[in-house]
Amino acid sequence: MALIIHVRGARAQWWLETLQGLLPELDCRPWQTPGNPADIDIAVVWKPPVGGLRQFPNLRGIFSIGAGVDHVFADPQLPEDVPVFRLTGVDLAQRMREYVALHVLRYHRTLPAIEAQRAERAWDQPITPLAGERTVGILGLGHLGGACARTLVGLGFRVRGWTRSPRSLEGVEVFAGDGQRPAFLAGCEILVCLLPLTPATTGILDKALFTALPRGAFLINCARGQHLVEADLLAALDSGHLAGATLDVFHQEPLPTDHPFWTHPAITITPHTASLIDPLVGGRLLAANIRRFLAGETLDEQVDPAQGY
Ligand code: NDP
Ligand code: OXD
């Protein structure tokens, strides 16, 4: 039985050796030298090339090295009958909880303004509201959004979330579907995006959404760059309607060196590190999932192709 792996960059060899060590019963092969395509049962991928997975006629499962599977479904030639799996787990959730708490607290406690005082050696002492007087909204209450919501509730914030289907989550005011989106947005002083990238969510962070937020709101996007209409964000910041944005993900990564986001004073940039999984933890999770899949078990990580997440 053979496994093919597609990872770009310096870590490619590391992933190959790590998965081979964790799955000695499989013949793990690099993307560039797959051998006989008919041998391949399993593909482990991050951003596979268009049409690349179709070349393996006996493929049984596609495993994403990451929580998001948009990079898999972006392939219009993806084999239709092969199940796709994503990564979940406490490592990813904990890292995202830390990231979201860090940046929500930074805005809540006006840290950008305090840091800016330093240039003048100024000593203004802003009184900030308590967390219980601040509303944070999360777009998407799945594995990561749900974990972040619980963390923010634990910090004392008023937390609301937006999902596709209604649910209850302790301490969180849940809004569901497009019909409840305006009411959800109207109360969000800090908005966190943790949606999957699908046709329904592409470009969702646009002028209409920003306009629906209260004046002075902050945006934290740690989902996908394609959720954001970049020009609309710049206009909303420059008009003062939005007070700041923290962006971890971008249309093009790495963010081009001449991109206007780099120099915008109200934008904080992190290089897609919000929840970058420890590769060894990720490798172990993948190996365990692949073994369970090959043993015929049903995995929670299997993605519904109709929904695309
Ligand atoms: P999940 O699939 O567990 O959750 C997705 C959530 O979004 C669900 O609550 C779902 O609603 C909601 N949703 C999806 N489509 C819509 C819609 N059209 N309208 C309203 N709500 C919708 O995803 P995860 O929490 O695991 O991950 C979210 C995303 O985070 C990933 O897809 C990835 O893009 C990004 N990510 C970023 C990382 C980083 O380092 N920056 C790291 C890991 C992930 P419902 O529950 O009703 O289905
Ligand atoms: C993921 C990511 O989807 O790192 O896991 O973005």
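These notebook entries record what I looked up in the predicted model.

**Entry 1. Surroundings of ligand 2**

I began with the residues around ligand 2 and listed Trp-46, Gly-66, Ala-67, Gly-68, Arg-224 and His-272. By residue class, this shell divides into two nonpolar, three polar and one charged.

I then looked up the polar contacts of the ligand. A polar side-chain atom of His-272 lies 2.6 Å from an oxygen atom of ligand 2. For Arg-224, I found an N or O atom of the side chain 2.8 Å from an oxygen atom of the ligand. Gly-68 takes part through its backbone, where a polar atom is 2.8 Å from an oxygen atom of ligand 2. I also noted the cover: ligand 2 has 210 Å² of accessible area on its own, and the protein covers 84% of it.

**Entry 2. Strand β1**

I turned next to strand β1, residues 2–6, and asked how many of its residues are buried. The count is five of five, and the strand is thus recorded as mostly covered. In a regular strand, side chains alternate between the two faces of the sheet. I therefore checked each face of β1 separately, given that a residue counts as buried under 20% relative accessible area. Ala-2, Ile-4 and His-6 are on one side, Leu-3 and Ile-5 are on the other, and all are buried, leaving both faces covered.

I also looked up the pairing of this strand. β1 runs parallel to strand β2 (residues 27–30), with four bridges between the two. Ala-2 stands opposite Asp-27 of β2.

**Entry 3. Arg-29 and its partners**

Arg-29 lies in strand β2. I asked whether Arg-29 is buried or exposed. With a relative accessible area of 15%, Arg-29 is buried, because the limit for that class is 20%. Its side chain meets that of Asp-27 in a salt bridge, with N to O at 2.9 Å. Asp-27 itself is partly exposed, at 33% relative accessibility.

I noted a further contact of the arginine: a polar atom of the Arg-29 side chain lies 2.7 Å from the backbone oxygen of Pro-34.

**Entry 4. Glu-189 and two arginines**

A search of the whole structure gave me ten salt bridges. I followed two that involve Glu-189, beginning with Arg-134, whose side chain meets that of Glu-189 at 3.7 Å, N to O. This pair links distant parts of the chain, 55 residues apart: Arg-134 is in the loop between α4 (111–117) and β6 (135–139), and Glu-189 is in the loop between α6 (181–186) and β9 (190–193). I recorded Arg-134 as buried at 12% relative accessibility, whereas Glu-189 is partly exposed at 25%.

Arg-158 also forms a salt bridge with Glu-189, and their closest N and O atoms are 3.8 Å apart. Why does this pair tie together parts that are 31 residues apart in sequence? Arg-158 lies in strand β7 (residues 158–163) while Glu-189 lies in the loop between α6 and β9, so the bridge spans that separation. Arg-158 is partly exposed, with a relative accessible area of 41%.

To close, I looked for salt bridges that share partners, and these join Asp-27, Arg-29 and Asp-39 into one network.

Note on methods
Residues are numbered from 1 along each chain as its sequence is written. Chains are lettered from A and ligands numbered from 1 in the order in which they are written. This is a predicted model: local features need pLDDT of at least 70, side-chain atom pairs count only at pLDDT 80 or more; totals for chains, interfaces and linings use all residues. Side-chain values use heavy atoms; hydrogens and water are left out. A residue is near a molecule or strand if one of its heavy atoms lies within 4 Å of it. A polar contact is a pair of N or O atoms within 3.5 Å; within protein, one must be able to donate a hydrogen and the other to accept it, and residues adjacent in sequence count only if both atoms are side-chain atoms. Accessible areas come from the Shrake-Rupley method with a 1.4 Å probe; for residues, only the protein chains shown count as cover. Ala, Val, Leu, Ile, Met, Phe, Trp, Tyr, Cys and Pro count as nonpolar, Asp, Glu, Lys and Arg as charged, and the others, Gly among them, as polar. A salt bridge is a side-chain nitrogen of Lys or Arg within 4 Å of a carboxyl oxygen of Asp or Glu. Buried means under 20% relative accessible area, exposed over 50%, partly exposed in between (1.4 Å probe, protein chains only). Two strands pair if DSSP finds at least two bridges between them.
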